[in-house]
Amino acid sequence: MIKVLKVNQQIILWSFHAFEQLKMALVPYDENLLPALSKLHQTSAEFNLANHRIRLSQDWNRLGVAAVVWDAAVVLCMFLEMGTVDLKGKRVIELGAGTGLVGIVAALLGASVTITDREAALEFLTANVRENIPPGQQGAVQVSELTWGENLHLYPTGSFDLILGADIVYLEETFPALLQTLEHLSAENTVLLLSCRIRYERDERFLMELRRSFSVREVYYDSQRDIHIYRAVKNTSNTEL
């Protein structure tokens, strides 16, 4: 079983490299080779979260990893549901949103949310938001293009109380731009919640680099899905959200 997972991860990361050359997110793999991940090829995924029935479209064949729901997103949504973080009236930004599940749940829990991803995923992401956010709350959600490390002036420092990221730590080449983006977005009182599976040593190295500028601690672990949630604030801040 462990060998199968390692093979899956290698193929996924190889695919990401190929898609990066096209300035997108991920190219499809041959699902016949990876039957354990066949659920990613389903055209939709449904969840009961934030007292709502959420139905998200998925489109692996067109957008790859940007258009499927990963465990880290589900676990982060469950964590937000616990109420440990008060989202009502908070200004939230989600990075690498993909299907938009985390941002949608944050909005349903009362936050004003900016849901971001690369330009290629925005049309798909917007459709999921429109489908799952009630008309009266549509104004609390904005879908916006954000490529890590680029045009960060469009997102002024201090504009957000909370930064959310689910399974965005997996490709080492993106780490410098991601760290730059997190540092830019984070003001003294900004909180980062990062949900991820630690797959390789490079993931641990990312956390080490993050600790150069942030105070980082693990606040939740889902042993069934092997997903960690880390809370981080800039080292100058002791403020709790």
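**S195 and the seven-stranded sheet**

The side chain of S195 comes to 2.8 Å from the backbone oxygen of A72. The model is a predicted one. S195 belongs to strand 7, and strand 7 takes its place in an open sheet of 7 strands.

**The sheet**
- Its strands follow the order 5-4-3-6-7-9-8, and their pairing is mixed.
- Strand 5 (141-145) and strand 8 (214-222) each have a single partner strand, so they stand at the edges with one side left without a neighbour in the sheet.
- From one strand to the next, the twist averages 20°.
- In general, the strands of a sheet pair through backbone hydrogen bonds, in a parallel or an antiparallel way.

**Strands 6 and 7**
- Strand 6 (residues 162-166) pairs with strand 7 (residues 191-196) in the parallel sense, over 5 bridges.
- G165 has L194 in strand 7 as its bridge partner.

**Surroundings of S195**
- S195 has 0% relative accessibility, and because buried means under 20%, S195 counts as buried.
- Leaving aside residues up to four places away in sequence, S195 touches A72, L76, G165, A166, D167, I227, H228 and I229.
- A72 is thus one of the residues that S195 touches, and its backbone oxygen is the atom that the side chain of S195 reaches at 2.8 Å.

**Helix 4**
- Helix 4 (residues 101-108) lies across strand 3 (91-95), strand 4 (112-117), strand 5 and strand 6.
- Helix 4 runs at about 175° to strand 4.

Methods:
Residues numbered from 1 in each chain as written. Predicted model: local features only at pLDDT ≥ 70, side-chain atom pairs only at ≥ 80, totals over all residues. Heavy atoms only, no water. Pairing = 2+ DSSP bridges. Helix = DSSP H or I, 4+ residues; strand = E, 2+ residues; numbered from the N terminus. Axes fitted to C-alpha atoms, helices over the stretch in contact; angles between N-to-C directions. Contact = heavy atoms within 4.5 Å. Buried < 20%, exposed > 50% of the residue type's maximum accessible area, 1.4 Å probe, protein only. Polar contact = N/O pair within 3.5 Å; in protein donor to acceptor, adjacent residues only side chain to side chain.
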